[in-house]
Amino acid sequence: DGRMGMIWDGEDIQMHSRARAKFTMTGETDSGLSFGGSFRVDQENYRADPLHRSAAKGTAGSVFISGTYGKLSMGDVLSAAEAAMGDLPELGYTAGEFAGDPEEIDYLTGDGANENQGPSALYEYTFNGVKLFASLSDGSQRACDGTVGALGCYDFESDKDSDLAYSVAAGYEFGAYNIALAYSKWGDQSEIMIGGNAAIDAFKIQGFYAKYDNRVVGNEIVGDDDFGDFDLPPGAEYNAAYGLSVGYTLANGVGLTAEWITRELDFNGSKWEGAPDNFDAYGIGASYDLGGGATLAGAVMKNELYGDNETRADMGVKFKF
Amino acid sequence: DGRMGMIWDGEDIQMHSRARAKFTMTGETDSGLSFGGSFRVDQENYRADPLHRSAAKGTAGSVFISGTYGKLSMGDVLSAAEAAMGDLPELGYTAGEFAGDPEEIDYLTGDGANENQGPSALYEYTFNGVKLFASLSDGSQRACDGTVGALGCYDFESDKDSDLAYSVAAGYEFGAYNIALAYSKWGDQSEIMIGGNAAIDAFKIQGFYAKYDNRVVGNEIVGDDDFGDFDLPPGAEYNAAYGLSVGYTLANGVGLTAEWITRELDFNGSKWEGAPDNFDAYGIGASYDLGGGATLAGAVMKNELYGDNETRADMGVKFKF
Amino acid sequence: DGRMGMIWDGEDIQMHSRARAKFTMTGETDSGLSFGGSFRVDQENYRADPLHRSAAKGTAGSVFISGTYGKLSMGDVLSAAEAAMGDLPELGYTAGEFAGDPEEIDYLTGDGANENQGPSALYEYTFNGVKLFASLSDGSQRACDGTVGALGCYDFESDKDSDLAYSVAAGYEFGAYNIALAYSKWGDQSEIMIGGNAAIDAFKIQGFYAKYDNRVVGNEIVGDDDFGDFDLPPGAEYNAAYGLSVGYTLANGVGLTAEWITRELDFNGSKWEGAPDNFDAYGIGASYDLGGGATLAGAVMKNELYGDNETRADMGVKFKF
């Protein structure tokens, strides 16, 4: 895929473009099981990027095998919760990135959240509109990121992370309505979520509510970067998040989407005690389908997690090749 | 592409080979605009290579959209000046690399020269043999290299580089003759160039003259690495460059090319004052087309920017796959 | 290719998966020479990975040209010894990695062993069942890893490594039997090997014996990492290695393989003098071909080079796409 356009960062216009390619590989066994794998080119940095995820280490991209018994995936897979509910819609030609991706729900496990345990596994099974999901990490990670036992990864004194992370979720689809429930746990931390979406005529509505227990975020806490990038005070607790989006599609290829998401934190016991600890993010986006895989898109968003609380915007064209 | 062969580095023979692959992706909108993107596999190092260019960050590879109104590209694009004039011919199987790429004209903007501003944009328009080019950077770069606003790139105190870089150029083609003029500016620095080429029977002749103002080169100066690699004294000024190449193609697939390029610097005010500050590079190359994308090629070059002033040579075979 | 499954590391179960892709490119000249190149996506880290191998630098992947006169390859090629004899069979779905790859014979040259000299070259020629191999490095490497002479790689005070590394080998194939002899040298170090394999009904038997002279291994010695990863005492000498494998293939796609390999070191003169200095590794593996490129495989191995001397196992599925 590719994209090019401009971002208003609150003070200046910034040009932004990118080009990427993805490998998708599939096969079928003699008995009819299908299998495959996929990763982007930029995810295959075997040795070059020891601190980040790599498809060659199982911490980016994924492989799967599926049959009548369901589908088993391993690698940088979604948690069961995210597989059941997804994120809110991405606005703008940079898919929300220009405003810090506020539409991404801060799932407790999976999709990179607990990548320091190496690959995660996700199992999915569907029957009669009922969708079941289960995901887990192996609850143990040696002091290396390669294949355990390989040269450079054979000698270990202690686990880097020994808290099993897992998630279970169920969804039910009836006509144009979907509803999903999920429970996730990682050591002491836990997450309960409910979500749903509905397609009514040209409208598409989506909402979710997530409750967290013992979820500590903030820069000095190892193991959760979702909020850490925003320089929250160490020790801040993440209590809950909820959001809603409404999309409307016109007949001529034009789409409009508005969304709003709130994150509730707790600064008690930190030096920020008393500061506002609810953070809203909201925005509106428009897109126009040019055909052939090209889409003109733009959005305006405000993400209160930004220190200067500024409004940001993007406008550009994105391509699917 | 690929290549294998040997390089004489002035003292020893060095074996050198490489293999690379490039992605080229295109599409077309319903209204007939064409779009696309391209990058080499080695240019897609998203996180692994924060200090260098990446197609995923818009600082390597490029994307474009084009129609009857012209062509707009964004990413690691050429400056308008380079798009209009190009470089002198590449000699040898390593395409001039064995001798420090003296054939590459040191354009002031674009093609990586001001990459710390993120992607650049290039616009091209052609009618009746007249070619118009304009390129620019956005004149602002936050203290991060990813998508502005994304996680890890949302908080910025000051611009890394706030000098707009731009270039305008025009070319005219009449029969086998081409002539081009260009003007580029980056902060205080400026570049005026004139160039042309002609194909007369089996001969191909190319020449250029470039005049720089306030262009400071040397290792301690941030923002221009073209000369910096050659350990020029800090504060050295780059005044002018000019060069000429003559190629001759025989009927049997053999080609011969000779070229010469001079770079005029000014060491006044530095401790090197009085040292020779004109640097010539010259060489001769031969190639033989083996068909099917394989070419046998070799060259001998001398680049006075090398401290030991030695003559270097390469000989090998290069492949197009 | 891809794989997913679990590894028992002696204390815990570790999930492991990966996905990779490889580029293979070929062409043919007008006179009928064939040429090509290949590398994996993860091997193409041009700038990102200055300390490791890259296909763009000629130290991973390879390019070749071949005709009736034989085949010449350059890049990260095998040594002549390894090209003639190969390694013992890889057990398990991680191809021996879960146990430190004990099946890989510690060849003195090639295949990454002397990569700090840049690309190596390998020449192969076959006639009437006789196979001849010769490989060498260029015996000189400047203090940079790119193309010699290129920007950032033009100035050098001294060689990083000036010991020529080379290897010669011969093999003879008669019916289902193969036998091979090899001699390799790298500076003062040398290697003499004999090996062979035979396919008798459903059995496949392979064995080798290698004798080393002046081969010093251990962490503080630059230039040989094969043993260094296992924290041998500096100054330890590697005297000999020998091994044997027996494989048996059943008609239904099930394969069984057992193998054993011994490495003889000498700790005299080090503080470990008197400690056991023979290291065995042995194991048994099973595989079941699911068809379409998918294989279920598992193995149990013990590698005495591991400090805790623990038994390790893996079990999973591997894919060829």
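Strand β2 (residues 13–19) of chain A is mostly covered, with six of its seven residues buried. Here buried means under 20% relative accessible area, exposed means over 50%, and partly exposed is in between, using a 1.4 Å probe and protein chains only. Strands are DSSP runs of E with at least two residues, helices are runs of H or I with at least four, and both are numbered from the N terminus. Keep in mind that this is a predicted model, where local features need pLDDT of at least 70, side-chain atom pairs count only at pLDDT 80 or more, and totals for chains, interfaces and linings use all residues. Residues are numbered from 1 along each chain as its sequence is written, chains are lettered from A and ligands numbered from 1 in the order in which they are written, and side-chain values use heavy atoms, with hydrogens and water left out.

The partner of β2(A) is strand β1 (residues 2–8) of chain A, and the two run antiparallel over seven bridges. For strands to count as paired, DSSP has to find at least two bridges between them. W8(A) sits opposite I13(A) of β2(A). Four residues lie between the strands of this hairpin, and G10(A) there has a positive phi near 105°.

Zooming out, chain A has one helix and 18 strands. Of its 321 residues, 52% are buried. Its exposed area is about 13400 Å², and carbon and sulfur atoms supply 54% of that. These areas come from the Shrake-Rupley method with a 1.4 Å probe, and for residues only the protein chains shown count as cover. Looking at contacts in chain A with a separation of 6 or more, 51% join residues 24 or more positions apart. A contact means heavy atoms within 4.5 Å.

Now for the rings. Rings of Phe, Tyr and Trp (its six-membered ring) pair if their centres lie within 6.5 Å; planes under 30 degrees apart are stacked, over 60 edge-to-face, and the rest tilted. Over all chains that gives 39 aromatic pairs. In one of them, F23(A) and F23(B) have ring centres 5.9 Å apart and planes at 65°, so the pair is edge-to-face. F23(A) belongs to strand β3 (residues 22–28) of chain A and F23(B) to strand β3 (residues 22–28) of chain B, so this pair joins two chains. F23(A) counts as buried at 16% relative accessibility, and F23(B) does too at 15%. Y172(A) and F174(A) are stacked, because their ring centres are 5.5 Å apart and their planes at 25°. Y172(A) is partly exposed at 42% relative accessibility, and F174(A) is partly exposed at 41%.

F23(A), F23(B) and F23(C) also share one aromatic cluster with F39(A), F39(B) and F39(C). The F23 residues turn up again in the largest nonpolar core, which has 51 residues: F23 and F319 of chains A, B and C touch the most other members. Such a core is a set of buried Ala, Val, Leu, Ile, Met, Phe, Trp, Tyr and Cys residues joined through side-chain atoms within 4.5 Å. Leaving out residues up to four places away in sequence, F319(A) touches residues including R3(A) and M4(A), along with F35(B) and F64(B).

Lysines get a look-in too. K71(A) lies over the face of F64(A), 4.7 Å from the ring centre, and K71(C) lies over the face of F64(C) at 4.6 Å. The rule asks for NZ of Lys or CZ of Arg within 6 Å of the ring centre and within 35 degrees of the ring normal.

T94(C) is in the loop between α1 (80–85) and β7 (120–127) of chain C, and it is buried at 0% relative accessibility. Its C-alpha atom is 8.7 Å from that of M4(C), 90 residues away along the chain. Beyond neighbours within four places in sequence, T94(C) contacts T147(A), R3(C), I7(C), H16(C) and D314(C).

Two chain C loop residues other than glycine have positive phi:

| Residue | Phi | Loop in chain C | Relative accessible area |
|---|---|---|---|
| N128(C) | near 50° | between β7 and β8 (130–136) | 73%, exposed |
| N214(C) | near 60° | between β12 (203–213) and β13 (216–217) | 45%, partly exposed |
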